[in-house]
Amino acid sequence: MIFDRLIDYLRVSAHQVARKRMRVFLTALGIAIGVAAVVGTVSLGEGVRYQAVEAIKEQSDLTLIEATADIRGGAIQFITPAKIEELAAVQHVEASSAVVREAYTTKRQTYLEVVGIDPAGIEGVIRPKFLRGENLEPGSRQAVLGHDVAETLQRYEGVRFGDAVPILIRRYDEDGMPVDEEVTFTLVGVLQERDDAFDQVMLIDRGVAQELRGDETAFDGVLIRVDQPETVFGVVDDVKALGLTAKGAFQQIESVNQLMDVVVLILAFFAGVSLIVGVLMIVNTMVTSVFERTREIGITMAIGASPADVVHLILAECLYIGLIGGVLGDLLGIAFTGVINTFGKPFIVAQLDDTFSTFAEGDITLITPEILVIGMAIAIVLSLASGLYPALKASHLNPVTAIRTGV
Amino acid sequence: METIIETRHLSKAYNDRVTALADVNLAVWKGEFIALLGRSGSGKSTLLNILGGLDAPTSGEVRIGGKSVDFSDRKALIALRRESIGFVFQSFNLIPALTAQENVEYPLLFNYRDTAVRRERAADLLSLVGLADRAHHYPREMSGGEQQRVAIARALIGEPLIVLADEPTGNLDSKTRDEIFGLMRQVNEERETTFLIVTHERELGRRTDRTIKLLDGSVVA
């Protein structure tokens, strides 16, 4: 019933709009330019966000995350064997392995960041590519070096593949004085360059690391391999739900997203200022239109229309302006992004270094269906809001005076 | 006979000084065809507006269809205009953006009748006023007389108790004026629709059932 009436109002208003095609078109164009500015700038922001995220995905090992202990509500959530099992059971986790982290030094005081991990975990979770040598043997005092740390040790200490490397582990005696224990590890493998934290890490067997620490039950974290990049954030949420902290390359994406949220909001805000002009144009057009039709509105009320009917009739006209403005705005916005891609891209690419080499391919803007729907919604909502004042003005006309004095 | 409209001691004053109506008592019976005569400024239009629920009296009572009209109840006044009253104004009173057919249907839009009913009734009334073939023409494509025929059809579509016509022939030449007057009389006779027609042309008054003459806000004949 209400739907039928809406269609009736729209049908009558369609006639009114059709009679003033040019005026309606120009008014709609006003709001369309504002919508186009918003659609264009937001799609530029979204495009930059997309490219930055793609660059991160390409250059880092996104599906590798590490769960570590966290403090929640004053209680430390330790990595316990139960937690390790729960993590392994999380959906989309392909492999996981508990680790122990240590800091050792060489005899010449080169700092070594040590990760104690199962040899099977190295294969399944870290997925190393060996530049030389092979994986650890379980339970033995062997080491695999990351690319960068291997290069440093070779250059400054002459440590080569296959050598037995003396390592110092610092302990403290009863008086609190440091005592260094010397342990020898055999260098059985060197990893290829990965461009992540593992380039700086010495991998040893977890059981050996725990034995050297003198505590065979403590773990410092769990390395997790997620099945695909798309599911990483879901797994991160699950890890957090277990009361643990998640770290990994995904954090860079989180930072980019937070930054771009702010940037897009600010861009959209400034672009949206032009919408004010569009709103004023609609108010002006509709006030004029109501004034011109004073007599007509008076007659409409005399033959039985309530003030609410008059408001609905005028708002129905505004709805058309909004619809036309939204469609035109989206189309202009798409054209606007074309201009940005053609003329703006070479400039932006020239400002960026190789890290963002992906920007050179494809478009730097990204139009999503959501952006177009929002553009449409902005046009319709603003048109209806702009029509409210003229519509109320019309509904308050006195039919007697409107018919007698109206133009 | 059934009384359609009755007024008792009806008065209307503007700003306490200008008296538009003073103690008007009249009754209109069903099926009557009445001319309301008087010079300009005699209060004819004011009386018509009050009877049509567009204006409120300063004092006195109006009864339409046996019920007293509460002029402070805006919803009741809107309902009165929708259901009981048909208006015909001086010319140029159609909605320019709508076709003849749509203009006739227009009041039913606010009566919330469904489209099929509106179409059928509007088509019938356009035939009645002799404009069936002009249904899809716009007001600007029609002569003044044709526009006023459409307006009469529009006034009839809600099946009102009474049609109030405010100088319906004021802007027409004499030949067309006779046609429009004849049409209203024909509708009155065929359908027993009650008409109250404001005019300042005495000769038309002679072709009605009864004339009511206003002078300075009072009924003199």
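Start in chain B of this predicted model. Select Leu215(B) and Ser218(B): Leu215(B) stands opposite Ser218(B), which belongs to β10(B).

**Stop 1: the hairpin in chain B**

Show β9(B) and β10(B) together. The two strands form a hairpin, with two residues between them. Pick Asp216(B) in the turn; its phi is positive, about 50°. Now look at the pairing. β9(B) and strand β10 (residues 218-219) of chain B run antiparallel, joined by two bridges.

**Stop 2: the other partner of β9(B)**

Keep β9 selected and add strand β3 (residues 33-37) of chain B. Strand β9 covers residues 210-215 of chain B. Here the direction is parallel, and four bridges join β3 to β9. To find the register, select Ile34(B) and Arg210(B). Ile34(B) stands opposite Arg210(B) in β9(B).

**Stop 3: the six-stranded sheet**

Widen the selection to the whole sheet. In what order do the six strands of this open sheet of chain B lie? The order is β6-β7-β8-β3-β9-β10, and the pairing is mixed. Go to the edges next. They are β6 (85-88) and β10 of chain B, each pairing on one side only.

Then pick out strand β7 (residues 162-166) and strand β8 (residues 194-198) of chain B. These two pair in the parallel sense, over five bridges. Label Ile162(B) and Thr194(B). Thr194(B), in β8(B), is the bridge partner of Ile162(B).

**Stop 4: the four-stranded sheet**

Stay in chain B, but clear the selection. Four strands form another open sheet, in the order β2-β1-β4-β5. The pairing in this sheet is antiparallel. Its edge strands are β2 (18-29) and β5 (67-68) of chain B, and each pairs on one side only.

Zoom in on one edge. Strand β4 (residues 59-64) of chain B pairs with β5(B) in the antiparallel sense, over two bridges. Select Ile64(B) and Lys67(B) to see the register. Ile64(B) stands opposite Lys67(B) in β5(B).

**Stop 5: where the chains touch**

Show both chains. The contact takes 18 residues from chain A and 21 residues from chain B. Which elements of chain A give two or more residues to the side that touches chain B? They are α1 (2-19), α9 (294-302) and α12 (399-405) of chain A. α1(A) gives the most, with seven residues. Color this side of chain A by residue class. There are eight nonpolar, four polar and six charged residues.

Now select Arg295(A), which is found in helix α9 of chain A. Is Arg295(A) buried or partly exposed? It counts as partly exposed, because Arg295(A) has 19 C-beta neighbours inside 10 Å. Add Val400(A) to the selection. Arg295(A) and Val400(A) are 105 residues apart in sequence, yet their C-alpha atoms are 9.3 Å apart in space.

**Stop 6: two domains in chain A**

Hide chain B. Color chain A by its domain assignment: domain 1 takes 2-58 + 255-405, and domain 2 takes 64-248. The C-alpha centres of domain 1 and domain 2 of chain A lie 55 Å apart.

**Stop 7: a helix pair**

Select helix α2 (residues 21-59) and helix α8 (residues 250-292) of chain A. Their axes come within 8 Å and cross at roughly 175°. Angles over 145 degrees count as roughly antiparallel, so α2(A) is roughly antiparallel to α8(A). Color the contact of α2(A) with α8(A) by residue class. Its residues divide into 21 nonpolar, 11 polar and three charged.

**Stop 8: strand β12 of chain A**

Move to strand β12 (residues 245-248) of chain A and show its side chains. One face is covered: Ala246(A) and Gly248(A). The other face, Thr245(A) and Lys247(A), is uncovered. Add strand β1 (residues 64-68) of chain A. β1(A) and β12(A) pair in the antiparallel sense over four bridges. For the register, select Ile65(A), which stands opposite Gly248(A) in β12(A).

Finish on Lys247(A), found in strand β12 of chain A. Lys247(A) is partly exposed, because 15 other C-beta atoms lie within 10 Å. Leaving aside its neighbours within four places in sequence, Lys247(A) is in contact with Ile65(A), Glu66(A) and Thr68(A). For a last distance, select Thr110(A) as well. Lys247(A) and Thr110(A) are 137 residues apart along the chain, and their C-alpha atoms are separated by 26 Å.

How values were computed. Residues numbered from 1 in each chain as written. Chains lettered and ligands numbered in written order. Predicted model: local features only at pLDDT ≥ 70, side-chain atom pairs only at ≥ 80, totals over all residues. Domains from an automatic or database assignment. Contact = placed C-beta atoms within 7 Å. Nonpolar A, V, L, I, M, F, W, Y, C, P; charged D, E, K, R; others polar. Buried ≥ 20, exposed ≤ 12 C-beta atoms within 10 Å, placed from the backbone. Pairing = 2+ DSSP bridges. Axes fitted to C-alpha atoms, helices over the stretch in contact; angles between N-to-C directions. Parallel < 35°, antiparallel > 145°, perpendicular 65-115°, else oblique.
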